[in-house]
Amino acid sequence: VRCWSNIPFITMPLSRAHGKSFAHRSELKHAKRIVVKLGSAVVTRGDECGLALGRLASIVEQVSMLQNQGREMMIVTSGAVAFGKQRLRHEILLSQSVRQALHSGQSQLKDMAIPVLEARACAAAGQSGLMALYEAMFTQYSICAAQILVTNLDFHDEQKRRNLNGTLHELLRMNIVPIINTNDAVVPPPEPNSDLQGVNVISVKDNDSLAARLAVEMKTDLLIVLSDVEGLFDSPPGSDDAKLIDIFYPGDQQSVTFGTKSRVGMGGMEAKVKAALWALQGGTSVVIANGTHPKISGHVITDIVEGKKVGTFFSEVKPAGPTVEQQAEMARAGGRTLAALQPEQRAEIIYRLADLLTDQREDILLANKKDLQEAENKGRLALPLLKRLSLSTSKLNSLAIGLRQIAASSQDSVGRVIRRTRIAKDLDLEQVTVPIGVLLVIFESRPDCLPQVSALAIASGNGLLLKGGKEAAHSNQILHHLTQEALSIHGVRDAVQLVNTREEVEDLCRLDKLIDLIIPRGSSQLVRNIQKAAKGIPVMGHSEGICHVYVDTDASVEKVTRIIRDSKCEYPAACNALETLLIHRDLLRTPLFDQIIDMLRVEQVKIHAGPKFASYLTFSPSEVKSLRTEYGDLECCIEVVDSVQEAVEHIHKYGSSHTDVIITENEKTAEFFLQHVDSACVFWNASTRFSDGYRFGLGAEVGISTSRIHARGPVGIEGLLTTKWLLRGDNHIVSDFSEHGSMKYLHESLPLPQRNAS
């Protein structure tokens with residue numbers, strides 16, 4: 001027998017063969033048999049009189065959805081007392097109003113008092129109505145429900161336990177959802193722990209313990225306990241330092257301070273934790289979550305089963321490393337220390353990382369080879385992604401050169417004064433650059449992204465959380481190790497963290513109290529998913545790279561094929577590769593047009609015809625399905641336009657505001673294009689592939705932003721900084737500047753301090 005808070009719980013329930021709970025949230029999707037426990041606060045309205053019908057309907061919908069997926073669902077419900085209280089109050093009011101109307105007149109109706117209603121009487125009056133409501137709701141989904149009422153004594157009698165077990169198994173076999181409740185009409189008032197002496201089972205004295213007991217008796221895979229709080233906190237919810245516990249392990253309860261119980265119901269959070277730990281010992285996984293929050297209650301149960309980060313998950317398997325929340329806190333603390341270093345010290349860290357990339361080249365390439373072999377064996381990655389995954393000696397050398405550029409240009413990035421104003425005599429204001437805080441960078445198949453982003457975060461004094469794809473696990477691991485080795489020379493190893501836990505990207509995007517900016521690096525689908533999931537955290541990046549090249553009538557024959565070949569064929573998987581080629585109508589059936597087509601055929605580029613281009617051809621290539629397509633391969637769309645104005649309109653309608661190019665010798669036409677195309681990067685007679693932080697002289701980039709706030713285009717150090725205001729005064733107060741005050745505002749611009757020439 002193991003004990004928590006002096007209450008005994010058996011190590012394994014007698015009626016259950018040894019089982020094993022799920023170790024990770026991601027495994028919950030495999031749960032076959034599930035118990036959903038609905039607390040009183042979930043089922044009842046805020047006035048504690050009557051049921052929360054909308055909330056109950058959404059819960060029934062979710063349970064029905066899971067039942068129709070082939071799972072075996074059971075509900076342990078409260079609510080009979082509240083429903084009965086509503087009915088009895090209505091009857092009493094009606095009875096009193098009739099009597100008083102007959103004997104005392106209408107004037108005394110307002111003085112009617114509702115007597116205190118006995119809970120067991122309320123339960124008796126409410127149980128049938130509650131069950132009728134469940135039956136009506138489940139009928140909408142062609143599901144049958146059955147009611148089972150139990151008391152604690154039923155679990156003391158071995159024969160009754162077998163009967164209950166048999167009944168539940170038969171109902172589940174017939175695809176019926178059992179709805180279980182304590183028979184509150186006959187249950188005696190609770191006497192805490194009195195029925196536990198000498199008994200080797202959990203006491204059924206509230207619906208929490210009932211749900212745990214049933215879950216273990218029925219060898220359930222998952223128990224979901226819904227209450228009116230988000231889960232288990234390390235101190236009472238609402239207190240200043242209360243933090244939601246994502247995963248709770250046996251033995252952690254000593255570090256938790258329990259508050260009061262919910263506004264209704266028998267059990268508080270302490271009762272839920274005891275019941276959850278007992279169920280966990282019996283092999284049932286447990287999640288405690290909020291079933292009342294209007295934004296999540298409509299999908300809380302399905303989210304839990306899908307493995308999303310909702311509520312508190314109880315697990316017996318403690319991970320070796322820190323949680324992602326702890327990593328984010330470590331990154332923030334490390335980032336603040338990093339920002340406090342001298343610029344030369346931050347540069348020294350980056351120089352050291354650049355050296356390590358070349359010194360440890362063989363180990364890096366060996367790890368990368370493992371990733372490539374695993375990816376090829378599994379056959380899950382398309383050829384463009386395999387190219388992105390691959391590292392080479394030349395790539396590592398280029399990375400090292402880029403990192404040294406970052407180090408050289410980062411000397412005065414943090415703490416640089418960008419504005420000085422004399423507000424009044426002896427009152428000077430400065431605006432200075434500061435780090436954003438904690439960055440979360442999520443990247444796919446791009447291990448070279450890790451040292452680039454790390455160097456930019458170090459140079460800008462930001463803490464960094466990195467989430468790489470599983471396909472690059474070995475490469476990311478060694479590159480992160482080298483990054484931390486470089487950081488260690490000035491004691492800021494924790495400033496850059498690699499997330500290795502099974503965190504879903506969507507769950508990371510919910511850490512709005514720990515992360516200040518999300519930067520996705522990957523497919524357009526990944527970026528869109530992150531933009532959708534990131535509620536409350538800004539996302540910097542682009543969802544698509546639909547880059548255009550417009551060939552004008554005055555284009556140079558020598559320049560056209562060179563620029564188009566480089567834009568499309570040099571690295572077709574890149575986000576800055578050409579996707580749509582716009583040709584002026586007058587160039588059709590000219591030698592220049594033929595040269596373009598011949599070059600694309602030689603390079604084995606598959607051509608898709610736009611609607612207007614197809615109309616000019618007798619036998620055209622396959623017509624494009626959408627003019628908003630990012631191919632990411634040796635494919636492109638060709639479309640015809642009548643003028644530079646039409647080219648600009650086409651780009652605005654179908655482009656992604658990434659990078660767009662004009663090829664022309666007409667300076668006036670070129671300037672019109674440069675000024676009117678509203679994209680992050682607009683070029684004249686240059687390849688789209690120049691849209692890159694390294695090629696721009698930024699050293700590297702965290703990505704290319706197409707947003708219009710903060711940073712746009714390739715984002716280097718400057719894009720990872722924000723500002724703060726420093727005001728230095730001498731006993732200044734605002735009232736001195738009033739109409740009759742002694743001081744006047746000057747608002748004089750002051751010269752900026754000299755920047756570091758190096």
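# Side-chain pairs and helix α5

Tyr134 and Phe138 are four residues apart in helix α4 (residues 119-139), so about one helical turn separates them. Helices are DSSP runs of H or I with at least four residues, strands are runs of E with at least two, and both are numbered from the N terminus.

The model is predicted: local features need pLDDT of at least 70, side-chain atom pairs count only at pLDDT 80 or more, and totals for chains, interfaces and linings use all residues. Residues are numbered from 1 along each chain as its sequence is written, and side-chain values use heavy atoms, leaving out hydrogens and water.

## Aromatic pairs

There are six aromatic pairs in the structure. One of them joins Tyr134 and Phe138, whose rings are stacked, with 6.5 Å from centre to centre and 25 degrees between the planes. Rings of Phe, Tyr and Trp (its six-membered ring) pair if their centres lie within 6.5 Å; planes under 30 degrees apart are stacked, over 60 edge-to-face, the rest tilted. Both partners in α4 are shut off from the surface: Tyr134 is buried at a relative accessible area of 1%, and Phe138 is buried at 0%. (Buried is under 20% relative accessible area, exposed over 50%, partly exposed in between, with a 1.4 Å probe and protein chains only.)

Phe248 and Phe314 form another aromatic pair, this one tilted, with 5.2 Å between the centres and 55 degrees between the planes. Phe248 belongs to strand β8 (residues 247-248) and Phe314 to strand β10 (residues 312-314), so this pair ties together parts that are 66 residues apart in sequence. Phe248 is buried, its relative accessible area being 1%. Phe314 is buried as well, at 0%.

## Salt bridges

The structure contains 36 salt bridges, each a side-chain nitrogen of Lys or Arg within 4 Å of a carboxyl oxygen of Asp or Glu. Between Lys272 and Asp208, the closest N and O atoms of the salt bridge are 3.4 Å apart. Lys272 sits in helix α7 (residues 269-281) and Asp208 in helix α6 (residues 207-217), so the bridge ties together parts 64 residues apart in sequence.

Lys612 has a salt bridge with Asp642, at 3.6 Å from N to O. This pair links distant parts of the chain, 30 residues apart: Lys612 is in helix α20 (residues 611-615), and Asp642 is in the loop between β20 (635-641) and α21 (644-654). Lys612 also forms a salt bridge with Glu646, where the closest N and O atoms are 2.8 Å apart. Here too the partners come from distant parts of the chain, with Glu646 in helix α21 and Lys612 in helix α20, 34 residues apart. Elsewhere, salt bridges with shared partners join Asp303, Glu306, Lys308, Glu506, Asp507 and Arg510 into one network.

The table gives the accessibility of the residues in the three bridges described.

| Residue | Relative accessible area | Class |
|---|---|---|
| Lys272 | 5% | buried |
| Asp208 | 5% | buried |
| Lys612 | 28% | partly exposed |
| Asp642 | 32% | partly exposed |
| Glu646 | 22% | partly exposed |

## Helix α5

Helix α5 runs over residues 158-173 and has 16 residues. From its first C-alpha to its last, α5 reaches 23 Å, close to the 22 Å expected at 1.5 Å a residue (1.5 Å times one less than the number of residues).

Arg161, Leu164, Leu168, Leu171 and Leu172 are the buried residues of α5. Seen down the helix axis, these residues fall within an arc of 100 degrees, so they line one face of α5 (the arc is that of the directions from the axis to the C-beta atoms). They pack against four strands, β3 (33-38), β4 (72-77), β5 (144-150) and β6 (176-182), and against helix α6; contact means heavy atoms within 4.5 Å. On the other side of α5, Arg162 and Arg173 are exposed.

At the start of α5, a side-chain oxygen of Asp157 comes to within 2.9 Å of the backbone nitrogen of Gln159. After the helix comes Asn175, which has a positive phi near 65 degrees.

Strand β6, one of the elements that α5 packs against, contains Thr182. Thr182 is buried, with a relative accessible area of 11%. Its side chain makes a polar contact of 3.5 Å with the side chain of Asn181. A polar contact is a pair of N or O atoms within 3.5 Å; within protein, one must be able to donate a hydrogen and the other to accept it, and residues adjacent in sequence count only if both atoms are side-chain atoms.
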